[in-house]
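The following exercises concern a predicted model. Each task is followed by a solution that proceeds step by step.

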Amino acid sequence: MTAASPRRPGRPPAAQTDVPADDEVLRRGLSAFAQLGYDGTTVRELSRLLGVSHSFIGDRYGSKAGLWRAVVDQAELPVVARISAILAADYPDDADRLRDGIGAFFAAVAEAPEIARLISWELPSDSERLHYLAERHLAPVVAGLRPLYTRLVAAGRARDIPFEVVLLAVLALAGSPQRLPLVRLVDGGDAGTAENLTGALSAIVLDGLIVG
């Protein structure tokens, strides 16, 4: 009986040709883009990290950009829907609605830190991807937040701070847990879990906005 010839490198055996489920592909894609950034990943490297063939990304998503959009949509659209539902809900007090909406945003960032890292790669440049994030994922939330905040200011329940400053404060503080390793090196303290930290940061924003 002759020995089987060794498998040539670079070609997976037949048992490994099945691609991961779509959710798993997008989860791995989020991890890759968060770690390396869009410009730092090639299709070949993405294919290796996803565990798929070189042609898979083009066949399934059209391009690397298509994969990036699918990754972002899977991570962000449920969050947008959750916050938009809170901002549109029937609350007896608009201040409570604002607290729950901003609190949900901070909680979502704590639950999915990789999406915050992915977004941070896009902030320095005016890329199509940054526009996609703003128009598809941030604009629906702003559409519910702006009139709510305007009503609170008009009723004397919120400080009359330019809305752009409010947005900047929310976005900046929501992303600040990424800097926690640096803070611990400098201060040596322990801020607790990401959930506790983001809850405290959310309270800082809201306590600075809500009057009474």
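**Exercise 1. The largest pocket**

Task: State the volume of the largest pocket, identify the residues closest to its centre, and describe its lining.

Solution.
Step 1. The volume of the largest pocket is about 800 Å³.
Step 2. Its lining comprises 33 residues, of which Glu 76, Phe 105, Val 109, Ile 119 and Leu 171 are the closest to the centre.
Step 3. Next, the lining is assigned to helices. At least two lining residues come from each of α4 (64–88), α5 (94–111), α6 (113–122), α7 (128–154) and α8 (163–174). The greatest contribution is that of α7, which supplies seven residues.
Step 4. Sorted by chemical class, the lining of this pocket holds 25 nonpolar residues, five polar ones and three charged ones.

**Exercise 2. The overall fold**

Task: Determine how many helices and strands the protein has, and what percentage of its residues count as buried.

Solution.
Step 1. The protein has ten helices and zero strands.
Step 2. Along the sequence, the elements accordingly read α-α-α-α-α-α-α-α-α-α.
Step 3. The protein has 212 residues, and 35% of them count as buried.

**Exercise 3. A nonpolar surface patch**

Task: Name the residues that make the nonpolar surface patch of about 380 Å², and decide whether Leu 182 is buried or exposed.

Solution.
Step 1. The patch is made by Leu 182, Leu 185 and Val 186.
Step 2. Leu 182 is located in helix α9, which covers residues 180–187.
Step 3. The relative accessibility of Leu 182 is 55%. The cut-off for an exposed residue is over 50%, so Leu 182 counts as exposed.

**Exercise 4. Salt bridges between separate parts of the chain**

Task: Give the number of salt bridges, and explain what the pairs Arg 129 with Asp 39 and Arg 136 with Asp 73 tie together.

Solution.
Step 1. The count of salt bridges is ten.
Step 2. In the salt bridge between Arg 129 and Asp 39, the closest N and O atoms are 3.9 Å apart. Because Arg 129 belongs to helix α7 and Asp 39 to the loop between α1 (22–36) and α2 (43–50), this pair ties together parts that are 90 residues apart in sequence.
Step 3. The two partners are then classified by accessibility. Arg 129 has 16% relative accessibility and counts as buried, whereas Asp 39 has 69% and counts as exposed.
Step 4. In the salt bridge between Arg 136 and Asp 73, the closest N and O atoms are 3.0 Å apart. Arg 136 lies in helix α7 and Asp 73 in helix α4, so parts 63 residues apart in sequence are tied together by this pair.
Step 5. Arg 136 is partly exposed, at a relative accessible area of 38%. Asp 73, at 16% relative accessibility, counts as buried.

**Exercise 5. A salt bridge within one helix**

Task: Explain why Arg 48 and Glu 45 are separated by about one helical turn, and find which residues are linked with Glu 24 in a network of salt bridges.

Solution.
Step 1. The side chains of Arg 48 and Glu 45 form a salt bridge with an N to O distance of 2.7 Å.
Step 2. Both residues belong to helix α2 and are three residues apart, so about one helical turn separates them.
Step 3. Arg 48 is exposed, with 56% relative accessible area, while Glu 45 is partly exposed, with 26%.
Step 4. Elsewhere, Glu 24 is linked with Arg 27 and Arg 28 in a network of salt bridges.

**Exercise 6. Lys 64**

Task: Place Lys 64 in its helix, decide whether Lys 64 is buried or exposed, and give the separation of its C-alpha atom from that of Val 43.

Solution.
Step 1. Lys 64 is part of helix α4.
Step 2. With 15% relative accessibility, Lys 64 falls under the 20% cut-off and therefore counts as buried.
Step 3. Lys 64 and Val 43 are 21 residues apart along the chain, and their C-alpha atoms are separated by 6.4 Å.

Conventions
Residues are numbered from 1 along each chain as its sequence is written. This is a predicted model: local features need pLDDT of at least 70, side-chain atom pairs count only at pLDDT 80 or more; totals for chains, interfaces and linings use all residues. Side-chain values use heavy atoms; hydrogens and water are left out. On a 1 Å grid over the protein atoms alone, a cavity is a set of points where a 1.4 Å probe fits but cannot get out, and a pocket is an open set with protein on both sides within 12 Å along at least five of seven lines; lining residues have an atom within 4 Å of a point. Grid points are joined across faces, edges and corners, and a volume is the space filled by probe spheres set on the points. Helices (H or I, at least four residues) and strands (E, at least two) are DSSP runs, numbered from the N terminus. Ala, Val, Leu, Ile, Met, Phe, Trp, Tyr, Cys and Pro count as nonpolar, Asp, Glu, Lys and Arg as charged, and the others, Gly among them, as polar. Patches are made of residues with over 30% relative accessible area and no salt bridge: like charges are joined within 9 Å, nonpolar side chains (Val, Leu, Ile, Met, Phe, Trp, Tyr) within 5 Å. Accessible areas come from the Shrake-Rupley method with a 1.4 Å probe; for residues, only the protein chains shown count as cover. A salt bridge is a side-chain nitrogen of Lys or Arg within 4 Å of a carboxyl oxygen of Asp or Glu. Buried means under 20% relative accessible area, exposed over 50%, partly exposed in between (1.4 Å probe, protein chains only).
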